[in-house]
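Here is a short briefing for you on how two parts of a chain meet and how a ligand is held. Have a look at the model first, then read on.

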Amino acid sequence: MSELVMRWAGRDQVRRAAMASPAARELVARYVAGERLDDLVPVLHSLVDKGLLVSVEYLGHPVTALGDAEANRAGYLELITGLAAEGLAKGAEISVRLSLLGQELGAQGEEFALQAARRITRMASNAGALVTLDMSGSEFVDSTLGTWVQLNQDLPSIGATVQAALHRTERDLANLAMPGGRIRLCKGAFRESRAVAFRNRHEIDLAFVRGLRILMKSQAVPLVATHDPRLIAIAEELIRRAGRAPDSYEFQMLYGVRPLELRRLADIGHSARSYVPYGPGWYEYYLHGLVERPDNLALFMRSLMGKR
Ligand code: FAD
């Protein structure tokens, strides 16, 4: 059922209707800062004013050719310039999705993505910002970690994301959790086969806790990316037991999801970062999120019909 609705929502007419509908845009604005830098900047200022750190995910154009990847690279560079001009770059994190830079276009695309990520990371680093690589589906983990290793040689502050759902993650963590390395642990947003991933929620949660234990015992900087109250409580306890200082780990949550919990974590002295998506690909991002959240799908359909 939801697949049918998603196909309908992906049609051009529906997309145009969503862009024109104030109710739909209002709904999306809860999770996405907007389409342009001018939309993003006030959102970031308001988060920073509340004592939160920020991570920006640039939502670029879908990539079917290298030209699209070039356009997205320009979008990332424009983002960093804009953040620096607004005094927002220092301490901000730029979350880089290698698929937007051509990673999925074969060997040439992978090389382009590496060089583009290098340029973005250098520029971010000069502006005082951090970069963390997002993680796509399991077939791109080797490529992403390979790119991370190459970038890490001259830019050791670059972070990587790992997905607890994948069987390989515990092994990967043993290599990634290096002193000072920023490692983001999330559950994983992709539907994977049983051959490579846990599919049962409880098994994924247990794998997340194992990942947390490895990271908290290491000298890496764990970035705890979850909204799950039980996992947050376990992370808090592991942080306490490890005697970690607040600048040696972070809690990270998606903009608009459990914002009061993120504020609570910041208020009691943890480093807490809001992960804020913005950019021309906002509609596709929102649709992707709807697949996981059927309640939001119903609300979205009502908003297109002019109902709240
Ligand atoms: P869940 O059990 O899914 O959620 C716990 C509770 O949080 C839910 O009951 C619900 O109340 C709330 N919630 C969670 N997500 C949403 C939502 N979208 N809308 C509304 N409510 C929600 N995945 C990747 O595969 N690759 C990445 O690079 C990646 N980067 C991420 C970066 C950050 C900072 C975060 C927070 C997540 C990232 N993810 C990434 C997504 C992640 O893998 C999960 O799919 C997502 O965070 C939901 O898992 P959860 O741990 O919050 O647990």
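About 890 Å² is buried between domain 1 and domain 2, with carbon and sulfur atoms giving 64% of that area. Buried area here is the accessible area (1.4 Å probe) that two parts lose on being put together, summed over both. This is a predicted model, in which local features need pLDDT of at least 70 and side-chain atom pairs count only at pLDDT 80 or more, while totals for chains, interfaces and linings use all residues. Residues are numbered from 1 along each chain as its sequence is written, and side-chain values use heavy atoms, leaving out hydrogens and water.

**The domain interface**

- On the domain 1 side, Tyr31, Pro280 and Tyr285 lose the most area to domain 2, together 52% of what that side buries.
- The rule finds 0 salt bridges across this interface (a side-chain nitrogen of Lys or Arg within 4 Å of a carboxyl oxygen of Asp or Glu).
- It also finds 1 residue pair in polar contact there, both at pLDDT 80 or more (N or O atoms within 3.5 Å; within protein, one must be able to donate a hydrogen and the other to accept it, and residues adjacent in sequence count only if both atoms are side-chain atoms).

**The domain layout**

- Domain 1 covers 1-32 + 280-308 and domain 2 covers 46-278, with bounds from an automatic or database domain assignment.
- Taken over C-alpha atoms, the domain centres are 26 Å apart.

**The ligand**

- Oxygen atoms of the ligand lie 2.8 Å from a polar backbone atom of methionine 135, 2.8 Å from a polar side-chain atom of glutamine 163 and 2.6 Å from a side-chain N or O atom of threonine 226.
- The ligand alone exposes 930 Å², and the protein buries 82% of that (Shrake-Rupley method, 1.4 Å probe; for residues, only the protein chains shown count as cover).
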